[in-house]
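Here are a few short exercises to work through with the model open beside you. Try each task on your own before reading its solution.

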Amino acid sequence: MLNRLPTKTISAACPYVALFGTTPSYEHLHVFDCTCYPSTAATAPHKLAPRSTRCVFLGYSSDHKGYCCLDLASNRIIVSRHVVFYEDSFPARCLAQSD
């Protein structure tokens, strides 16, 4: 991973800009703890099984190129690259307030 902090040696520009001539994109970053729907089609037991389930976004996987999502119904972590995010809904906060 390239360092993206400004340095004195290249006149206060970050190394990414010096190498590629454009600013880095931050579109892959999402709000933690928001509602997300990861694709579970690859691990579905049959073709009529649900293709997604409601989860909570936990973060980014360090082992795989994907997002870590917590399935609240089964308490298992799903790592998937294909995820739809709803960054204005936070289901884990509702659970914490009810306890």
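**Exercise 1. Find how strand β1 pairs with β2, and which residue of β2 stands opposite T35.**

Solution. Start with strand β1, residues 35-38, which pairs with β2 in the antiparallel sense over two bridges. Two bridges are what a pair requires, since strands pair if DSSP finds at least two bridges between them. Strands here are DSSP runs of E with at least two residues, and helices are runs of H or I with at least four residues, both numbered from the N terminus. Next, look across from T35: V56 in β2 stands opposite.

Before going on, note that this is a predicted model, in which local features need pLDDT of at least 70, side-chain atom pairs count only at pLDDT 80 or more, and totals for chains, interfaces and linings use all residues. Residues are numbered from 1 along each chain as its sequence is written, and side-chain values use heavy atoms, with hydrogens and water left out.

**Exercise 2. Place the other strands and give the order of the sheet.**

Solution. First, follow β1 to β5: four bridges join these antiparallel strands. Within this pairing, C36 has F85 as its bridge partner, and Y37 stands opposite V84. Second, go from β2 (residues 55-60) to β3 (residues 67-71), which are antiparallel and joined by five bridges; here G59 faces C68. Third, assemble the whole: the order is β4-β3-β2-β1-β5, an open sheet of five strands with antiparallel pairing. Its edges are β4 (76-80) and β5 (83-86), each pairing on one side only. As a last look at β5, V83 and F85 form its covered face, while V84 and Y86 form the uncovered one.

**Exercise 3. Decide whether C55 and C69 are in a disulfide or in none.**

Solution. A disulfide is a covalent bond between the sulfur atoms of two cysteines; the cut-off here is a pair of cysteine sulfur atoms within 2.5 Å. A search of the whole structure finds zero disulfides. For C55, the nearest cysteine sulfur belongs to C36 and is 5.3 Å away. For C69, the nearest is again that of C36, at 3.3 Å. Finally, check accessibility: C55 is buried, with a relative accessible area of 0%, and C69 is also buried at 0% (buried means under 20% relative accessible area, exposed over 50%, partly exposed in between, with a 1.4 Å probe and protein chains only).

**Exercise 4. Describe the surroundings of S74 and H30.**

Solution. S74 sits in the loop between β3 and β4 and is partly exposed, at 40% relative accessibility. The side chain of S74 makes a polar contact with that of D71 at 2.9 Å (a pair of N or O atoms within 3.5 Å; within protein, one must be able to donate a hydrogen and the other to accept it, and residues adjacent in sequence count only if both atoms are side-chain atoms). Now turn to H30, in the loop between α1 (15-20) and β1. The H30 side chain makes a polar contact with the side chain of E87 at 2.7 Å.

**Exercise 5. Where in the chain is confidence lowest, and where is it highest?**

Solution. Use pLDDT, the predictor's confidence in each residue, from 0 to 100. The chain averages 81, and 80% of the residues score at least 70. Confidence is lowest in helix α2 (residues 91-98), at a mean of 64, and highest in β1, at 94. Where pLDDT is low, the predicted coordinates should not be read in detail.
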